[in-house]
Amino acid sequence: MIAIIDYQAGNQTSVLRALKFLGVAAKVTDDPRDLRAASGLIFPGVGAAGQAMERLRRTGLDQEISALIQAGRPFLGICLGCQIMLEFSEENSTPTLGVLPGRTVRFDSHTLDADQRPIRVPHMGWNETRLVRPTSLWQGIEPRDQFYFVHSYYPAPQAELTLGVTEHGREFTSFFGREGLWAVQFHPEKSGRPGLRLLRNFYDYCQKAQNA
Amino acid sequence: MLSKRLIVCLDVRDGLLTKGVKFLDNQNLGDPVEAARRYYLEGADEIVFYDITASAEGRGIFLQVVEKVAEAIFIPFSVGGGLTSVSQMRDVLLAGAEKISVNSAAIKNPPLISQAAAAFGSQAVVLGLDARQVDSPGCPSGYEVVIHGGRAPTGRDAVAWAQEAEKLGAGEICLNSIDADGTQAGFELTLTNRIAQAVSIPVIASGGAGEPRHLWEALTIGEASAALVASIVHFRQYEIRAIKEYLRERGCPIRPVDSIAVLD
């Protein structure tokens, strides 16, 4: 079973629907027993970092998540979930979980795009993620595939953690982590075929890790 | 680089499409869930539903439609039409839509935008803005906001309202030209460009699409982030694939269609 961590963050049911479509057993839950029993964890989220961290601290889920990651449980952070895996977010100037080194910073709307117009913030719509380091999560995903983004802040992890980059006025990290601990800024649950493929790759990894 | 989006609009009344939608196999469809799924597979980047139901009973049926759509398509979709309160918006978002759009209700009660943005985040709040060309001192931009499907003038300047809505927390503006709507003669490019220049949030051009060139104009000259189509795809004048190929060949960044075929 895949546990989708519920901290009232908005898009947990979209992730659940996508997994259901893939025939993957999954549950939206905030019960630590479910999280410990799961073969893998998905950490979704839309909204503001400050509020999200406050909820995680209040429920003790922050400690639970960090402990499970330490123990090597397969983990996938999505959008806000990906940002708060880092140490600090400029949004609400909030210290975040810090399971990976780096910060979350705001797009500068004075940056110019390729057509010499100021970029629009939020970065909303479809864009490419160019893979810079191979990882099993990317199997079956083509270079021309695009993913759906909607965010005003972007993750800036330690350089060695970057797995994929996206262009919006500047190049930013849209995919980072290491084998078994992944974070994506885009929404795989809303990115059509490549997004579904990524979620299935995550599930396959979780199954293998469980049986190993 | 961020792609320009092609958005398909579906009008729903009492849970059914108000006009049939024809597909390649010539089937005529009235089921919004089936139509959404087909457009998803054909390469639409996003779907917009307008619920033009008047009755409370019809609204309940519509929420069931939203739930079914959310299970059938894995691209973003938004819902508009008659939403006047945060609790109605919450129902639609919980049913599975990514975004809600407000139009007349926001003109009458602007704090509704900030309330919605505070509750769901700006990314979920689209301002629907219907405008028409006027010659009036109250509208220095030359465009006035109209409500109730274009029937009621408001005396408000369209550019000023777009900027105010952005400040209140709207995450996107769906800009519909009442003058161009239904003409299939092209988008109102001056209006689109004026609004796109005036705000930093994405602007969706709506009203007037008759051929692929019109979308290219809206996305380049108009500087829109997305263009909305309805009849030209519903009645199979053009396929989504053909429109996207046209745009791509002319240098518009566009998500390729074949990247969203069903999962292998």
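In this predicted model, chain A has an open sheet of four strands, and if you read across it the order is 6-5-7-11, with mixed pairing. Strand 6 (94-95) and strand 11 (153-157) of chain A sit at the edges, each pairing on one side only. Further in, strand 5 and strand 7 (residues 102-106) of chain A run parallel and are held by two bridges.

A good residue to stop at here is Ser89(A), which belongs to strand 5 (residues 88-89) of chain A. Across from Ser89(A), in strand 7 of chain A, stands Thr104(A). Is Ser89(A) buried or exposed? Ser89(A) is buried, because 24 other C-beta atoms lie within 10 Å, and the cut-off for buried is 20 or more. Leaving aside residues up to four places away in sequence, Ser89(A) touches Ala49(A), Gln83(A), Ile84(A), Thr94(A), Thr96(A), Thr104(A) and Tyr153(A). For a sense of distance, take Leu198(A): Ser89(A) and Leu198(A) are 109 residues apart in sequence, and their C-alpha atoms are 26 Å apart in space.

Now follow the chain out of strand 5. The loop between strand 5 and strand 6 of chain A holds Asn92(A), and Ser93(A) is found in that loop too. Both have backbone angles worth a look. Asn92(A) is a residue other than glycine, yet its phi is positive, near 60 degrees. Ser93(A) is not a glycine either, and its phi is positive at about 45 degrees. What about their surroundings? Asn92(A) counts as exposed because it has 12 C-beta neighbours inside 10 Å, and 12 or fewer is what exposed requires. Ser93(A) is exposed as well, with 9 other C-beta atoms within 10 Å.

One more backbone detail in chain A comes in the loop between strand 7 and strand 8 (123-128), where you'll find Pro122(A). The peptide bond joining Val121(A) to Pro122(A) is cis, with omega about 5 degrees.

Next, go back to an earlier part of chain A and pick up strand 3 (residues 40-43). Gly40(A) and Ile42(A) point one way from strand 3, Leu41(A) and Phe43(A) point the other way, and all of them are buried. Which strands does strand 3 pair with? One partner is strand 1 (residues 2-5) of chain A, in the parallel sense, over three bridges. Within that pairing, Leu41(A) is the bridge partner of Ala3(A). Strand 3 of chain A also runs parallel to strand 4 (residues 75-78) of chain A, and three bridges join them. Here Phe43(A) has Gly77(A) in strand 4 as its bridge partner.

Time to cross over to the other chain. The contact between the chains takes 35 residues from chain A and 29 residues from chain B. On the chain B side, the residues touching chain A divide into 13 nonpolar, eight polar and eight charged.

Within chain B, start at helix 1 (residues 32-42). Its buried residues are Pro32(B), Ala35(B), Ala36(B), Arg38(B), Tyr39(B) and Tyr40(B). Helix 1 of chain B is followed by Gly43(B), which has a positive phi near 115 degrees.

Further along chain B, helix 6 (residues 158-168) and helix 7 (residues 189-198) have axes that come within 9 Å and cross at roughly 35 degrees. The crossing of helix 6 past helix 7 in chain B is right-handed. From helix 6 of chain B, Ala158(B), Val159(B), Ala162(B) and Gln163(B) meet Arg194(B), Ile195(B) and Ala198(B) of helix 7. Sorted by class, that contact between helix 6 and helix 7 of chain B has five nonpolar residues, one polar and one charged.

The last stop is helix 8 (residues 212-220) of chain B, which packs with helix 10 (residues 240-249) of chain B at an angle of about 50 degrees, their axes 9 Å apart. That angle is why helix 8 of chain B counts as oblique to helix 10 of chain B. This crossing of helix 8 and helix 10 in chain B is right-handed too. Helix 8 of chain B brings Pro212(B), Leu215(B), Trp216(B) and Leu219(B) to the contact, where they meet Ala242(B), Ile243(B), Tyr246(B) and Leu247(B) of helix 10. What classes of residue make up this contact? Between helix 8 and helix 10 of chain B there are eight nonpolar residues, no polar and no charged ones.

Definitions and conventions: Residues are numbered from 1 along each chain as its sequence is written. Chains are lettered from A and ligands numbered from 1 in the order in which they are written. This is a predicted model: local features need pLDDT of at least 70, side-chain atom pairs count only at pLDDT 80 or more; totals for chains, interfaces and linings use all residues. Two strands pair if DSSP finds at least two bridges between them. Two residues are in contact if their C-beta atoms, placed from the backbone, lie within 7 Å. Axes are lines fitted to C-alpha atoms, for helices over the stretch in contact, and angles run from 0 to 180 degrees between N-to-C directions. Angles under 35 degrees count as roughly parallel, over 145 as roughly antiparallel, 65 to 115 as roughly perpendicular and the rest as oblique. A crossing is left-handed if the near helix is turned anticlockwise from the far one by less than a right angle, and right-handed if clockwise. Ala, Val, Leu, Ile, Met, Phe, Trp, Tyr, Cys and Pro count as nonpolar, Asp, Glu, Lys and Arg as charged, and the others, Gly among them, as polar.
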